[in-house]
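Trainee: I should like a close look at a single helix and at how its sides are disposed towards the rest of the model. Please treat the part in one connected account.

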Amino acid sequence: MRDMRALVIDDSKAMRMILGRLLKTVGFEVSEACHGRDALEKLGDGPPVDLALVDWNMPEMNGLDFVKAVRGSGNHAAMKLMMVTTESELARVQAAIEAGADEYVMKPFTPEVLKDKLVQMGFGA
Amino acid sequence: MSAALLRAIDPAPVAWAAAVGSALEQVASTALELPVTRIGAVGAPEGPVLGAYIAVLTPGESLQIGIVADAASSETLVRALLRIAESEELAPGDVPDAFGEIANMVGGVAKAAMSVQIGVVGLGLPLVTTGLIAAREGIELGYEAVEVGAARVTLVVARSRLR
């Protein structure tokens, strides 16, 4: 069985580092993208990805547009999408879920909260 | 006109200051795992500082929410966020980037709290720079000193009303 692969999409290097480190503890092989367009390019070039953690507010292409682009393309249908963002209003959560996000985590978060969400999505023990 | 009377006429500055302080407490307890002691309102900090600001736009006002600290204190917060020990080196660019992310989280939490009252419409991307927002006509500036673990920081709320 191949390793689980995750893509962390955030314009903050700090947040990519934090999320990447956490995902590695759960067993993911992690790659990074600094905005939605960068992520689409990496998905096009690279191996299949099981999970993408997606920030909302990013330059070039924001997280919501990335989710719409992925779900609208019909590619990567098996990839789970988790928004990880400071945007916490209910309307934002609804918009992300309607666009095709599978989960939503609000910043700031504790490692335990993120790990619990991953377990709920079927990743990790 | 007295400051108290101004606050009675326009309670928004006080509400924003409270929301930003509470937001920092939430960020410190979760992402930084550091205790917070709120010192209270102060004047503009002196000396060289790093400032991380995030823009919030509401139907009636434009705000910059900021967190400002000297080099040692900003590095303390960044090490806490990244879980990097004092003995380890930080990579070039880590401090401004991570300091900006802390401001982003503080702004996001404050925005969520205030949106219930006033219907916030937008949150910008963090801007990290040296120094403070310059005082000028039309901008209300408020500062609050806060201790976050061993770091001493100043929260900044700069507010201007939209015409």
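Mentor: In this predicted model, the cover over the buried residues of α4(A) includes three elements of chain A, namely α3 (63–73), β4 (80–85) and β5 (103–106). The residues covered in this way are A:Val93, A:Ala96 and A:Ala99, the buried residues of the helix, which spans residues 90–99. Viewed down the axis of α4(A), they fall within an arc of 135 degrees, and therefore line one face of the helix. The general geometry is instructive here: an α-helix has 3.6 residues a turn, so residues three or four places apart point the same way. On the face of α4(A) turned away from the buried side, the exposed residues are A:Leu90, A:Ala91 and A:Glu98. Just after the helix, A:Gly100 adopts a positive phi of about 125 degrees.

The buried face may also be placed among the nonpolar cores. The largest nonpolar core has 62 residues, and A:Leu51 and B:Ile67 have the most contacts inside it. To this core α4(B) gives the most, with 10 residues. Apart from it lies another core, of 23 residues, and A:Ala99 is among them, as are A:Ala33, A:Trp56 and A:Met83. Thus A:Ala99 is one of the buried residues of α4(A) and belongs to the core of 23 residues. As a general matter, nonpolar side chains tend to be buried together in soluble globular proteins.

Methods:
Residues numbered from 1 in each chain as written. Chains lettered and ligands numbered in written order. Predicted model: local features only at pLDDT ≥ 70, side-chain atom pairs only at ≥ 80, totals over all residues. Heavy atoms only, no water. Buried < 20%, exposed > 50% of the residue type's maximum accessible area, 1.4 Å probe, protein only. Helix = DSSP H or I, 4+ residues; strand = E, 2+ residues; numbered from the N terminus. Arc of directions from axis to C-beta. Contact = heavy atoms within 4.5 Å. Core = buried A, V, L, I, M, F, W, Y, C linked by side-chain atoms within 4.5 Å.
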